[in-house]
Amino acid sequence: MMSTQFPWLTVLFLFPLLAVLPIPFLPDKEGKTVRSYALGAGLLEFALIIYAFWKDYDLQSSGFQLVESYAWVPQIGLNWSLAVDGLSMPLVLLTGLITTLAILASWKISHKPRLFYALMLVMYSAQIGVFVAQDILMFFFMWELELVPVYLLIATWGGDRRLYAATKFILYTAVGSVFILIAGLAMAFYGDTLTLNLHELGLKDYSLGFEVLMYAAFLVAFGVKLPIFPLHTWLPDAHSEAPAPVSMILAGVMLKMAGYALIRFNIELLPNAHLYFAPVLAILGVVNIIYASLTAFAQTNLKRRLAYSSIAHMGFVLIGIASFTELGVGGAVLQMVSHGLIAATLFFLTGVAYERTHTLAMDRMGGMAKQMPTVFALFTAGSLASLALPGMSGFVGELTIFLGITTSDAYSTSFKAVVVLLAAVGVILSPIYLLSMLRQVFYGEENVELKFSLSDAKPREAFIALCLLVPIIGIGIYPKLVTQTYDVKTTQVAAQARTALPLIAERPIHFTQPHFVAPSVIGAEAKELVSSVLD
Amino acid sequence: MTQFLLQTIWWVPGYALLGAILTLPWSTGIVRRTGPRPAAYFNLFLTVLSFIHGSAAFILIWGQEPQQLVFHWLQAADLDLTLTLEISPVSLGAMEIVTAISLLAQLFALGYMEKDWALARFYSMMGFFEAALLAIALSDSLLLSYGLLEMLTLSTYFLVGFWYAQPLVVTAARDAFLTKRVGDILLFMGLVALSSYGAGLNFSELADWSETYPLSPLTSALLGLALIAGPTGKCAQFPLNLWLDEAMEGPNPASIMRNSIVVSAGAYVLIKLQPVFTLSPISSDALIIIGSVTAIGTSLMAIAQIDIKRAISHTTSAYLGLVFIAVGLGQVDIALMLLFTHAIAKALMFMSVGSIISTVSDQNMGEMGGLWSRMPATTMAFVVGAASLVVILPLGTFWTVQRWVSGLWQVSPWLFAILLFVNATTAFGFTRVFRLVFLGEPQLKTRRAPEVAWQMALPMVTLTVMTLLSPVVPLRWSLWLSTTTPLANGDTLLIRLALPLLVLSGGVGVVLGATTQLRRGGWVRPTQVSFRFVQDLLAYDFYIERLYDLTVVSAVSVLSRVTAWFDRFIVDGFVNLVGLAAVMGGEGLKYSSSGRSQSYVLTILVGIGLLFLLAMGWTMNWSLL
C-alpha cells in the first residue's frame, strides 16, 4: 500500500540514523563541533516530529494515521510498515523532547565524544522505531536495535560498576525479548494465514489457551522492561551506573516502551487473555508501588533511590492498564508521559549534582542548598511533581488511574478498595523517601567533607530542567493538553477490552477472588494449551 | 459593573499568584541591584488590589443569591471533572478575612523580615500561600479544594523550611508535610470514593446527593472518616497535631497566617463537607471525639511550654477542636463563627508574639520579663487578643459562645464541661505567658527592648482595633449555613447558668495563672519529682512524638530495610547466583579441555560405557530396581 502523503514516519526514523554517518568525518579536535552537530540533529528531528504531527495528524481519529507500508522482505512477508495513533503519538513526542534534552545535557562528555553522540542518535532512531513499527518482526528489530547503544553507553561512560550493570541489563532485556520473538512468530503462524502486521494479528481468532500463553510470554518480555517485580533488579543497577543523560532516556523513554507495548500487544491483540491477567496486573502494580517505595526509602545512593521511585510509579501504569475503563487506560498513558518528564528532570538534576560533588552517596552530601539554590529549587520542584502534588502532571495521572480503577465494573468492590488503598499507601510513602532525600542532600549545615566547589546551575542546566518542568506544570494545570492527544484512542482500547467482559460472566470464574484466576485458568485448560501449541 | 466584578472574582487569587510570580526575578537573583524590597512592594500592592476587589464584590453580593463559576477541567468518557467557584456572602466574607489578615501579615513581615537576605523568596511564598487560601474560600468543588489544601501543605513546607540551614527546621518542614500529607491522601481517597458513587464533587450538590444516595452504614462511615482525615491534618487535630508545634520554627509572619487562617481553611472545607458526615453516626461521633481529645489535650500541652510561639500555637489546636465538635454536632454556623473570632484574635496574638521575638531575638519565655512598660502596643495587642479568645470579657469568643449556649442549640453537659475546661486552661496559660513575658523584672535580653517599628506596629494596632470590633459579627450573624432554623431548647438551668459559669471559669484560670509559682532563667523545670513528671509530660506533648517514633516511623524504616535486604539478597541474589553458576560452570569446564587426545578418548569411552550400562539396566534389570 502506498500512501499519497509524504512518508513522515520513515523520515523521522531514518533521519537520526543517517545523521550518524558524517560524525566520524567531522573536523573536530576538542569534541565541540560534534556536540553542536548532534544537538542540531536532535533539534531538527524534534522539529520534524512536531511539524509532521501538527500538519498531518488528526486528533479526532482513533485509527492509525500517517500510515506507510512497503514490502521489505516479501519472501517472509516482512513489511516496512509504520503508523502512529493516539497511543504512540504522545510517546513519540516525549521521545523527541527527552532525547534532544539528553543530548544537550551531555555537553560535558569529553571521553570519546564522537562515539557517544553517534550512539545517542542511534538510540533516538530506535526509540521512535519502537513506537511507530506496525509489523511485529520490525518491532522486534527496533526493540533489539535500541539495546545495543544503551549497552555501550552504560559500559563505556558509566560509573564504577558499569560493566556489571551493562551486562545485567543486556542479559535481562535480551532474554526478555526472546519471548517477544517467539510469541510474535507463534501468533504470525497461527491459523491459516501468515501475517506479521499488528493490525491483522489483532483480527485473528485465537483459542483462549493460546492467547493466555502468548499473553504470559509478552508479559515476561515487557515486564522486564517496565519493570515488574520481581524482574526489576537490572533497573537500579543500570540507572545508577549510567551517565546522567543516559539515565534520563532510560527512565524517561525506555520504560514507556514497555508500557506502550503492554497496551499495544497485551490488550489490543489478546483481549480475552487480558481478562484473566488483568487482576494479576493490578496486584503486581500494587506490589510494585509498595515494594519499590519501601525499598527506595532504604537506598543511600541518590540515583538508586530515584530508580526505585521509577519502579513504583510504573506500578500505577499497571493498575491503569488493568482497569478496563477509558479513564484508567488514559491515565496509564498520561502517567507514562508524566513520569517520563519527571524522571528525566530528576535524573538530569542528579547528574548536575554529581558533576559537582563527584559522589552519589546521600550521606556524603548535605547542606548543598546554600551554594546551589537554583539546583535546590529545581530539585524540589521535580520531587514535588514526583510525589503527585496537585497542579503537576503526576497528580493528574494518578487521579485518573484511581478514578479509573474505582469506576471499573470488572472487579468486586472489595478488590477495588484493597487495590486503591494499598496504592494510596504508596502515595504516602513517596513523599517520605523524596523529602528525606531533599533533607539529606540540600537541607541543614554544609557538609565539610564535600571539598569540591559547588557552583550553582549554569543557564544551560537550568534551561534543560525548565524545559521539562514547564510541561509538567502545564499538564497539571490544564490536562487537556495531553489528554486530547490520546483520548479517542484510549476510549477505543478500553471499549475493546470491555467487549470481552460479558463473555467472562458466563464462565465459572469469580472476580471476587482474582488472585486465583490466572493459575486456575492455566491449570484447568492445560490440555487445551498443549493441544493449541502443538497445532 | 456588578456582574463584571463578580464574574472576575477569580482574579482575586490571581492577583496574589501574580504577586508571587512577579517576585521571581528578585528571589532567583536575576535582579540584584535594587535589593529585594521591590518584590515585597509588588506583593503588598497586589494584596491591596485583591482586598479592594474582594471588598467591592463582598458589598455587591451581600443579600444576593449565590452564583457559580464553572471551569471544565478534565473530561474523560462520562466523567466531567469541574472546578467550581461559589460567589456567595459566606465565601466572599471568608475571602475578605483572608485578604485582610494576609495584608496585615505581609505589612508586618516588611518589618519582621527586614534583615533577611531572602526577603523576596519569602514574599513569593507568602503570595502563593495567600492565593491558595483565597481560592479555598471561593472553591465549591471538593477536587479544587483538595488540590488547594495540598498547595497549603506545600506552602507550609516551604515557609517552615524557609531557613533551611537550621537544624530543627530540617525535620520540622518534613514532618509538617508528611503529617498533612497523610490526612490529604485519606481525603483524596474519600474524594475518589465519592466520585465513584456518582456524587458530583461540588459541595453545593453534596447535600442533595447525601439525602438521596443509599450507602451501606459501613461505607458511609468509612467515607466520612476519610473525608475527616484531611481537615484533621490541616487543623492540627489529634492524632495529626504535632506538625503545628514544630512548624513554629518558621518565620513569624507565616505563623500569623498559619495559626489563624490556614487552620481555618481546613475547618472551612470540613464545614462544607458536613452533609456527608450526617450519613453515618460513626463519622459525626469521630469528629466529636477527635475534637474533644484535641481540645483537652492541647490546651494542657499549652500551659507547660517554654517556647512562646509553641505556648500559643497549641491553643490553636484546642480551639479548632471546639470547631470540630461543633461540626460533629451539625452546628455549622457556630463552627464558622468560632473560626472567625478565633482567626482574628489569634492573628493578633501572633503579631504581638512576633514583635516580642523580633525585639528580644529569643523565643524562650524563661529569659523574658518586664516588657509591658517597654512595649505598650505589643502588650496591648497581647491582652486584647487573649481576652478576645477567652470567655471572660465581652469580646469576640464571648459572644460566639454566648450564641452557642443561648439555648438555640443543643448543648449537652459534656460539651459544656469541655468548654469550661478549655476556657479555664487557656485563661491560665495566657496569664502565665503574660506574667513571664510582660511582668516581673526585666532580664538580660529584655532590658533594652524598644517598641517595634511602624511596619509592625501599624498592622498590630489595626488588628487590635479590628479585634475589638469583631463581636459585631457573632452579634449580627444570621445563620446562613444551617438548613433549618434551630429551635429553642427551652430554658433549662444549664442554659441560664452557662455563660456566668464560663466567665467564672475564665476568672478562675486567670487567678490561678496569676498566683502560681513561676520559674525563670535556665532552671524552668520544677524540682519536685511528681510535679516535674507532669510538666514534662505536657511539655513534651504527652510524648506522642516519641510514640510515633517508636511505632510508625520505626515500622516504616524497618520495613524498608527488610525489603531492601530482600531485594538485594533474595531477588537480586538469585539472579546473581544464576549468573555465578553459569560463570563457574564455564570456568570449571574449561579445565576439561586439556588438549590431550588420550583424555578425550577416555572421556568418550567412559561416557559410552555409562550409556551402555544404563541402557542395559533399563531394558534388563528394570524389575529389580
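I took contact to mean heavy atoms within 4.5 Å. The model I consulted is a predicted one.

**Entry 1: S358 of chain B**

I began with S358(B) and asked which residues it touches beyond four places away in sequence. I found Y112(B), V452(B) and M456(B). I then located S358(B) in helix α16 of chain B, which runs over residues 332–360. Is S358(B) buried or exposed? I noted neither: its relative accessibility is 31%, so I entered S358(B) as partly exposed, given that buried requires under 20% and exposed over 50%. I also looked up N252(B), which lies 106 residues from S358(B) along the chain. The C-alpha atoms of these two residues are separated by 9.0 Å.

**Entry 2: chain B as a whole**

I next turned to the overall make-up of chain B. I counted 25 helices and two strands in its secondary structure. Of its 625 residues, 57% are buried. I recorded a C-alpha trace spanning about 110 × 65 × 60 Å along the principal axes. For contacts in chain B with a separation of 6 or more, I noted that 81% join residues 24 or more positions apart.

I listed the domains of chain B as domain 1 (1–140), domain 2 (141–539), domain 3 (541–593) and domain 4 (599–625). Between the centres of domain 3 and domain 4 of chain B, taken over C-alpha atoms, I noted 45 Å.

**Entry 3: helices α17 and α20 of chain B**

I examined how α17(B) (residues 376–389) meets α20(B) (residues 454–469). Their axes come within 10 Å and cross at roughly 30°. Angles under 35 degrees count as roughly parallel, and I therefore entered α17(B) and α20(B) as roughly parallel to each other. Their crossing is left-handed. From α17(B), I listed A377(B), T378(B), M380(B), A381(B), V384(B) and S388(B) in the contact; from α20(B), M460(B), V461(B), T464(B), T467(B) and L468(B). By class, I noted seven nonpolar and four polar residues, with no charged residues, in the contact of α17(B) with α20(B).

**Entry 4: helices α10 and α18 of chain A**

In chain A, I looked up α10(A) (residues 244–267) and α18(A) (residues 480–499). How do they pack? I found an angle of about 40°, with the axes 11 Å apart. I therefore entered α10(A) and α18(A) as oblique to each other. Their crossing is left-handed. The contact is made by I263(A), R264(A) and I267(A) of α10(A) with K489(A), V493(A), Q496(A) and A497(A) of α18(A). I closed the entry with the classes in the contact of α10(A) with α18(A): four nonpolar, one polar and two charged residues.

Methods. Residues numbered from 1 in each chain as written. Chains lettered and ligands numbered in written order. Predicted model: local features only at pLDDT ≥ 70, side-chain atom pairs only at ≥ 80, totals over all residues. Heavy atoms only, no water. Axes fitted to C-alpha atoms, helices over the stretch in contact; angles between N-to-C directions. Helix = DSSP H or I, 4+ residues; strand = E, 2+ residues; numbered from the N terminus. Parallel < 35°, antiparallel > 145°, perpendicular 65-115°, else oblique. Left-handed = near helix turned anticlockwise from the far one by under 90°. Nonpolar A, V, L, I, M, F, W, Y, C, P; charged D, E, K, R; others polar. Domains from an automatic or database assignment. Buried < 20%, exposed > 50% of the residue type's maximum accessible area, 1.4 Å probe, protein only.
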